[in-house]
Structure formats: structure tokens, C-alpha cells
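Trainee: Got a minute? I have a structure open and would like to go through it with you.
Mentor: Fine. Put it up and ask.

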Amino acid sequence: MGLKIAFGGKGGVGKTTTMAKLASRWGQAGHSPVFAAGDTFRAAAVEQLTVHAGRLGCRIVKQGQG
């Protein structure tokens with residue numbers, strides 16, 4: 001079982017960017033980060049996380065909006 005971190009907070013404070021930075025660092029250290037998109041209200045948040053996951057080569061778990 002691995003480390004699990006949940007991010008929460010107001011919009012626009014850098015949660016997604018911070019997640020990508022941490023995933024990049026952990027990936028370089030030999031770990032396999034996985035993103036789990038839980039924002040079903042704002043579709044753009046899931047899209048943004050999907051873009052970061054693709055750039056970093058990380059897996060992402062998500063479902064449709066709503």
C-alpha cells in the first residue's frame with residue numbers, strides 16, 4: 001500500500017500545479033504516481049489534471065462530470 005495525499009482548497013491556489021510538481025519529483029525518484037480526479041463539479045479541473053498526467057506519464061483515475 002502506498003502513500004495517499006488529498007488536496008483541497010479554493011480554486012486558483014495551485015493545487016493541480018503542486019500535484020504535478022510532486023508527481024514529477026516522485027516519478028524521478030522511481031515511484032509510480034497515480035492521479036485520482038475527484039472534482040465532478042468543474043470539468044476543467046479534471047481536464048487540467050489529465051493534461052499534467054499525460055505530460056508526466058502518470059496514470060489517472062477519473063469519471064465523467066456530475
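Trainee: In what order do the elements of the protein run from the N terminus on?
Mentor: The order is α-β-α-β. Keep in mind that this is a predicted model.

Trainee: How many helices and strands is that?
Mentor: The protein has 2 helices and 2 strands.

Trainee: And how compact is the protein for 66 residues?
Mentor: It is as compact as a globular protein of that length, because its radius of gyration is 12 Å and the globule rule gives a close value, 11 Å. The C-alpha trace spans about 35 × 25 × 25 Å along the principal axes.

Trainee: What share of the residues is buried?
Mentor: Buried residues are 20% of the 66.

Trainee: What about contacts between residues 24 or more positions apart?
Mentor: Take the contacts with a separation of 6 or more: 41% of them join residues at least 24 positions apart.

Trainee: Switching to the helices. At what angle do the axes of helix 1 and helix 2 cross?
Mentor: Roughly 15 degrees, and the axes come within 10 Å of each other. Helix 1 covers residues 15-28 and helix 2 covers residues 43-56. Angles under 35 degrees count as roughly parallel, so helix 1 is roughly parallel to helix 2.

Trainee: Why give both an angle and a distance?
Mentor: Because two packed helices are described by the angle between their axes and by the distance between those axes.

Trainee: Is the crossing of helix 1 and helix 2 left-handed or right-handed?
Mentor: Right-handed. On the helix 1 side, the contact is made by Thr16, Met19, Ala20, Ala23 and Ser24. Helix 2 supplies Gln48, Leu49, His52 and Leu56.

Trainee: How do the residues of that contact divide into nonpolar, polar and charged?
Mentor: There are 5 nonpolar and 4 polar residues, and no charged ones.

Trainee: Let me pick one. Is His52 buried or exposed?
Mentor: His52, in helix 2, has a relative accessible area of 17%, so it is buried. The cut-off for buried is under 20%.

Trainee: Which residues is His52 in contact with, leaving aside neighbours within four places in sequence?
Mentor: Thr16, Ala20 and Phe35.

Trainee: Then what does Thr16 contact on the same terms?
Mentor: Gln48, Leu49 and His52, with neighbours within four places again left aside. Thr16 lies in helix 1 and counts as buried because its relative accessibility is 15%.

Trainee: New topic: the strands. Where does Ile60 lie?
Mentor: In strand 2, which is residues 59-61. Its relative accessibility is 25%, so Ile60 counts as partly exposed.

Trainee: What does Ile60 touch, not counting residues up to four places away in sequence?
Mentor: Phe35, Ala37, Leu49, Thr50 and Ala53. Also, the C-alpha atoms of Ile60 and Pro33 are 8.9 Å apart, with their positions 27 residues apart along the chain.

Trainee: Phe35 came up twice. How far apart in space are Ile5 and Phe35?
Mentor: 10.0 Å, C-alpha to C-alpha, although they are 30 residues apart in sequence. Ile5 is in the segment before helix 1 and is partly exposed, with a relative accessible area of 47%.

Trainee: Last one. What separation do the C-alpha atoms of Ala43 and Trp26 have?
Mentor: 26 Å, for residues 17 apart along the chain. Ala43 belongs to helix 2, and at 30% relative accessibility Ala43 counts as partly exposed.

Key. Residues are numbered from 1 along each chain as its sequence is written. This is a predicted model: local features need pLDDT of at least 70, side-chain atom pairs count only at pLDDT 80 or more; totals for chains, interfaces and linings use all residues. Side-chain values use heavy atoms; hydrogens and water are left out. Axes are lines fitted to C-alpha atoms, for helices over the stretch in contact, and angles run from 0 to 180 degrees between N-to-C directions. Helices (H or I, at least four residues) and strands (E, at least two) are DSSP runs, numbered from the N terminus. Angles under 35 degrees count as roughly parallel, over 145 as roughly antiparallel, 65 to 115 as roughly perpendicular and the rest as oblique. A crossing is left-handed if the near helix is turned anticlockwise from the far one by less than a right angle, and right-handed if clockwise. Contact means heavy atoms within 4.5 Å. Ala, Val, Leu, Ile, Met, Phe, Trp, Tyr, Cys and Pro count as nonpolar, Asp, Glu, Lys and Arg as charged, and the others, Gly among them, as polar. Buried means under 20% relative accessible area, exposed over 50%, partly exposed in between (1.4 Å probe, protein chains only). The radius of gyration is taken over C-alpha atoms; the globule rule is 2.2 Å times the number of residues to the power 0.38.
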